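Hi,

Here is the structure I promised to pass on. Have a look at it first, and then read on for what turned up.

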Amino acid sequence: MQGCSRCCYILIAVSMLLGFIVYILLSNAVIAVTNPIVLFLTLIAVGTFSLLSIFLNAVIADRLGNLNFLNAYSGCGNATVFSGVALIILSFVLLLVIVPTGIVFFVFVAIAFFLLSLLLGGIGCLLRAFLRRGC
């Protein structure tokens, strides 16, 4: 279990670093969000499909009596589901923003990228733990 928590801590630190880098690049006008609707609809689709796949894997693992997935889920699975739900909610809120400029918008985009990297990294950590039959 100690390896699972270590993996989750590393995942959170790397995700926070990526979110901070995205904020710095947006606030210094190195990158720009030219079409925010496409960006946020893509984030909603990624979050929805990943949550659906985790849900279906959990249902199949429960029906087959496979405890490896359920043991692997206890590590980074909770962070993955939380970040997926938060990413979908945040993307819906950001779709309602009329003017995609300003510091507040950049902070929310950075948070969205933090949640996206946490979601994808959590799925990778979950698969790693599942294939190794533990953490």
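To start with one residue: in which helix is serine 15 found? Serine 15 is in helix H1. Please keep in mind throughout that this is a predicted model. Serine 15 has a relative accessibility of 1%, so it counts as buried, the cut-off being under 20%. Setting aside neighbours within four places in sequence, serine 15 is in contact with Phe114, Ser117 and Leu118.

Now the overall picture. The protein chain has four helices and zero strands, and reading along the sequence gives the pattern α-α-α-α. Of its 135 residues, 34% count as buried. The chain exposes about 8000 Å², and 74% of that is supplied by carbon and sulfur atoms. If you take the contacts between residues at least 6 apart in sequence, 83% of them join residues at least 24 apart.

Next, the interior. The largest nonpolar core contains 18 residues, and Phe40, Leu43, Leu87, Phe105, Val109 and Leu115 are the ones with the most contacts inside it. Helix H1 (2–27), H2, helix H3 (67–95) and helix H4 (103–131) each contribute at least two residues to this core. H4 gives the largest share, with nine residues. Leucine 87 is a good place to look at the packing: beyond its neighbours within four places in sequence, leucine 87 is in contact with Leu43, Gly47, Ala112, Leu115, Leu116 and Leu119.

One of those partners, glycine 47, deserves a few words of its own. Glycine 47 lies in helix H2 and, with a relative accessibility of 0%, counts as buried. Not counting residues up to four places away in sequence, glycine 47 touches Leu87, Ile88 and Leu119. Two C-alpha separations help to place glycine 47. To leucine 115, which is 68 residues away along the chain, the separation is 9.5 Å. To isoleucine 89, which is 42 residues away along the chain, the separation is 9.7 Å. Isoleucine 89 itself belongs to helix H3, and its relative accessible area of 52% makes it exposed.

Helix H2 is where I spent some extra time. How does the span of H2 compare with what its 29 residues should give at 1.5 Å a residue? The expected span is 42 Å and the end C-alpha atoms are 42 Å apart, so the two agree. The buried residues of H2 are Pro36, Phe40, Leu43, Ile44, Gly47, Ser50, Leu51, Ile54 and Ala61. Just after H2 comes glycine 65, which takes a positive phi of about 75°.

There is also a feature on the surface to look at. Phe49, Leu52, Phe55, Leu56, Val59, Ile60 and Leu64 make up a nonpolar surface patch, and their accessible area together is about 720 Å². Phenylalanine 55, one of the patch residues, is placed in helix H2, which runs over residues 36–64.

If you open the model, I would begin with glycine 47 and leucine 87, which are in contact with each other, and then turn to the patch around the surface residues that include Phe55.

Happy to talk it through whenever suits you.

Best wishes

Terms used. Residues are numbered from 1 along each chain as its sequence is written. This is a predicted model: local features need pLDDT of at least 70, side-chain atom pairs count only at pLDDT 80 or more; totals for chains, interfaces and linings use all residues. Side-chain values use heavy atoms; hydrogens and water are left out. Patches are made of residues with over 30% relative accessible area and no salt bridge: like charges are joined within 9 Å, nonpolar side chains (Val, Leu, Ile, Met, Phe, Trp, Tyr) within 5 Å. Accessible areas come from the Shrake-Rupley method with a 1.4 Å probe; for residues, only the protein chains shown count as cover. A salt bridge is a side-chain nitrogen of Lys or Arg within 4 Å of a carboxyl oxygen of Asp or Glu. Buried means under 20% relative accessible area, exposed over 50%, partly exposed in between (1.4 Å probe, protein chains only). Contact means heavy atoms within 4.5 Å. The expected span of a helix is 1.5 Å times one less than its number of residues. A nonpolar core is a set of buried Ala, Val, Leu, Ile, Met, Phe, Trp, Tyr and Cys residues joined through side-chain atoms within 4.5 Å.
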